[in-house]
Amino acid sequence: MAAPTYNFEIEQGTTVVKVLQYTDSSGTPIPLTGYIARMQMRPTVGSLIKYLDLGTVGPLTGIVITAATGVITITISSALSATIPTDGVYDLEIESPTGVVTRLLRGAISISQEVTR
């Protein structure tokens with residue numbers, strides 16, 4: 001089954017916080033103990049250029065998983081959002097402790113250009 005599409009706007013130069021909960025078809029939260037998450041934004045799907053590169057491990061930051069409740073919080077700092085030059089596409093993936101990768105969301109991000117700097 002394809003990941004659902006969720007398009008959103010980032011106001012350049014502002015702090016962006018998106019909170020989602022991973023649930024089953026009945027709305028029951030799915031625990032994410034031991035999972036990692038990653039999200040990238042690029043100008044197009046095939047582009048080598050990355051506007052955003054967020055994650056939960058290693059040098060990547062910006063995503064926090066609350067394992068017991070299946071909550072995933074994505075935070076893009078104002079400094080980071082200020083560097084995003086234009087619209088693009090993204091996806092959000094999680095990876096289980098056994099290496100199973102699931103794409104949770106995909107879509108477009110539109111950038112509302114900052115005037116005040």
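**Exercise 1. Describe the largest pocket: its volume and its lining.**

Step 1. The largest pocket has a volume of about 200 Å³. A pocket here is an open set of points on a 1 Å grid over the protein atoms alone, where a 1.4 Å probe fits, with protein on both sides within 12 Å along at least five of seven lines. Grid points are joined across faces, edges and corners, and the volume is the space filled by probe spheres set on the points.

Step 2. The model is predicted: local features need pLDDT of at least 70 and side-chain atom pairs count only at pLDDT 80 or more, while totals for chains, interfaces and linings use all residues. Residues are numbered from 1 along each chain as its sequence is written, and side-chain values use heavy atoms, with hydrogens and water left out.

Step 3. Lining residues have an atom within 4 Å of a point. They are Gln40, Met41, Arg42, Thr44, Val45, Val89, Tyr90, Asp91, Arg103, Arg106 and Gly107.

Step 4. Strands S3 (36-42), S7 (88-95) and S8 (101-112) each give at least two residues to this lining. Strands are DSSP runs (E, at least two residues) and helices likewise (H or I, at least four), numbered from the N terminus.

Step 5. By class, the lining holds four nonpolar, three polar and four charged residues. Ala, Val, Leu, Ile, Met, Phe, Trp, Tyr, Cys and Pro count as nonpolar, Asp, Glu, Lys and Arg as charged, and the others, Gly among them, as polar.

**Exercise 2. Find which residues of the largest nonpolar core touch the most other members, and follow Ile63 outwards.**

Step 1. A nonpolar core is a set of buried Ala, Val, Leu, Ile, Met, Phe, Trp, Tyr and Cys residues joined through side-chain atoms within 4.5 Å. Buried means under 20% relative accessible area, exposed over 50%, and partly exposed in between (1.4 Å probe, protein chains only).

Step 2. The largest core has 23 residues, of which Ile10, Met39, Met41, Ile63, Ile72, Ile74 and Ile109 touch the most other members. Its largest share, four residues, comes from S8.

Step 3. Apart from neighbours within four places in sequence, Ile63 is in contact (heavy atoms within 4.5 Å) with residues including Met39, Leu54, Ile72, Ile74 and Leu92.

Step 4. Ile74 in S6 is also the bridge partner of Ile63. S5 and S6 pair in the antiparallel sense over four bridges; two strands pair if DSSP finds at least two bridges between them. Lys18 likewise has Ile74 as its bridge partner in S6, and six bridges join S2 to S6 in the antiparallel sense.

**Exercise 3. In which sense does S8 pair with S1, and in which with S7?**

Step 1. S1 and S8 are parallel, with four bridges; Ile10 has Ile111 as its partner in S8.

Step 2. S7 and S8 are antiparallel, with eight bridges; Glu93 has Arg103 as its partner in S8.

Step 3. The hairpin of S7 and S8 has five residues between the strands, and Gly99 there takes a positive phi near 95°.

**Exercise 4. Is Ser81 buried or exposed?**

Step 1. Ser81 lies in helix H1 (residues 78-81).

Step 2. Ser81 counts as buried because its relative accessibility is 0%.

Step 3. Not counting residues up to four places away in sequence, Ser81 touches Ile10, Glu11, Gln12, Gly13, Thr14 and Ile76.
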